[in-house]
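Colleague: Got a minute to go through this model with me? I'd like to know what stands behind the labels.
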Amino acid sequence: MGYPVTLIRGDGIGPEVAQAMQTVVNATGVEIDWTVVDAGVDVMEQYGTPLPDHVLDSIRHTKVAIKGPITTPVGSGFRSVNVAIRKELDLYANLRPARSMVGVKSPFSNIDLVVVRENTEDLYAGIEFQRGTVENDKARDFLSTLSGKKIREDSAIGVKPISAFGSRRIVQFAFEYAKKNGRQKVTAVHKANIMKFTDGLFLEIAREVAQSYPDIEFEDRIVDNMCMQLMQKPELYDVLVLPNLYGDIISDLTAGMVGGLGVAPGANIGDEYAVFEAIHGSAPKYAGQDKVNPTALILSACLMLRYLGEEAAAAKVQKAVESVIAAGKYVTYDLAPPGVTPVGTQAMAQAIAEAVAKL
Ligand code: NAD
């Protein structure tokens, strides 16, 4: 019996990168029982929802899923499937490693950072009041009276909830990740000098949690300073843990530092379930062309193998990806060195699979 894993292929370039990812995972010899399900715009007509119940039920059953990107049509009232999955399964930790690879163009080298972003709270909690509404009037009056501070009448208002519970579990997640993966240091990132109660609470809890992990160094940085430090001295940092908004921004910054979308893996993890996915979207203009880079989803599968306890297989996939990209021969258009004819998505995956088999 293999590990049960739900595979959501996604749409646009999703099915192509999903197939490429399966080719590489199969080459590791780790047995996976794939349950393939579909979500997104293509199943809308059949099920009346982009996220049919059987998709969530499948993840609840297998506990682990990997998904290709899913298109969120603009202005259609179509709820983001990605956000819905995170909410339904309480996947509170967004894990985004960023590691430099020889052969991937970037102004930085030797980057090896892991961003742990809180996924459920903060300004992204969706508590907002539109300008000019009755609810806004009430919220403004209430908040002005309570805080003694004037809020301009034509303001839109957003609320930033940060709980001790949410902060504790994300910081614990970051330390546990550091412990399991031989990482030396966790840095909590915040703006507690200004947002004394919200970010202040996040920092207070981070300091408290850090005391339970004496073998892992802990420090904190103010988010603006963190941005500058990442540009100037990225080698000083290891695992970063952040509330939702800063995590969203910094994780794209670190992805950019190692070469961008085509190579950036990710995972959304909770206490019971984990869903692995590339950072990039469904790139509809490239759909069906066997053209795009499969690396991001393959590296997401590498995170999945590690999560399943298959460390040796994960290490092989990582090494194989790095060697194929460094060799620069069987790589897609975005990675091909000058003068080299790029190969397609499946040919690159095949080259990585062959490299895995040789390790
Ligand atoms: P995108 O990531 O799909 O594409 C932006 C550009 O990045 C592409 O045109 C392409 O040039 C490049 N790119 C992306 N992935 C690549 C790859 N694997 N290899 C090589 N080049 C690659 O972003 P977008 O155009 O803003 O979004 C398209 C759709 O995807 C939207 O509907 C959006 O909502 C959705 N989306 C989904 C997810 C997800 O499912 N996790 C994430 C982001 C965006």
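Modeller: The shell around the ligand divides into nine nonpolar, seven polar and four charged residues. This is a predicted model, where local features need pLDDT of at least 70, side-chain atom pairs count only at pLDDT 80 or more, and totals for chains, interfaces and linings use all residues. Residues are numbered from 1 along each chain as its sequence is written, and side-chain values use heavy atoms, with hydrogens and water left out.

Colleague: What makes a residue of that shell nonpolar, polar or charged?
Modeller: Ala, Val, Leu, Ile, Met, Phe, Trp, Tyr, Cys and Pro count as nonpolar, Asp, Glu, Lys and Arg as charged, and the others, Gly among them, as polar.

Colleague: What makes the A283 pair with the ligand a polar contact?
Modeller: A polar contact is a pair of N or O atoms within 3.5 Å; within protein, one must be able to donate a hydrogen and the other to accept it, and residues adjacent in sequence count only if both atoms are side-chain atoms. A polar backbone atom of A283 sits 2.7 Å from a ligand oxygen, so the pair qualifies. For T72, again a polar backbone atom, the distance is 2.9 Å.

Colleague: Why is R96 called buried?
Modeller: Buried means under 20% relative accessible area, exposed over 50%, partly exposed in between (1.4 Å probe, protein chains only). R96 has 7%, so it counts as buried. Its side chain makes a polar contact with the side chain of D252 at 2.9 Å and reaches the backbone oxygen of S251 at 3.0 Å.

Colleague: And F142, buried or exposed?
Modeller: Its relative accessible area is 52%, so F142 is exposed.
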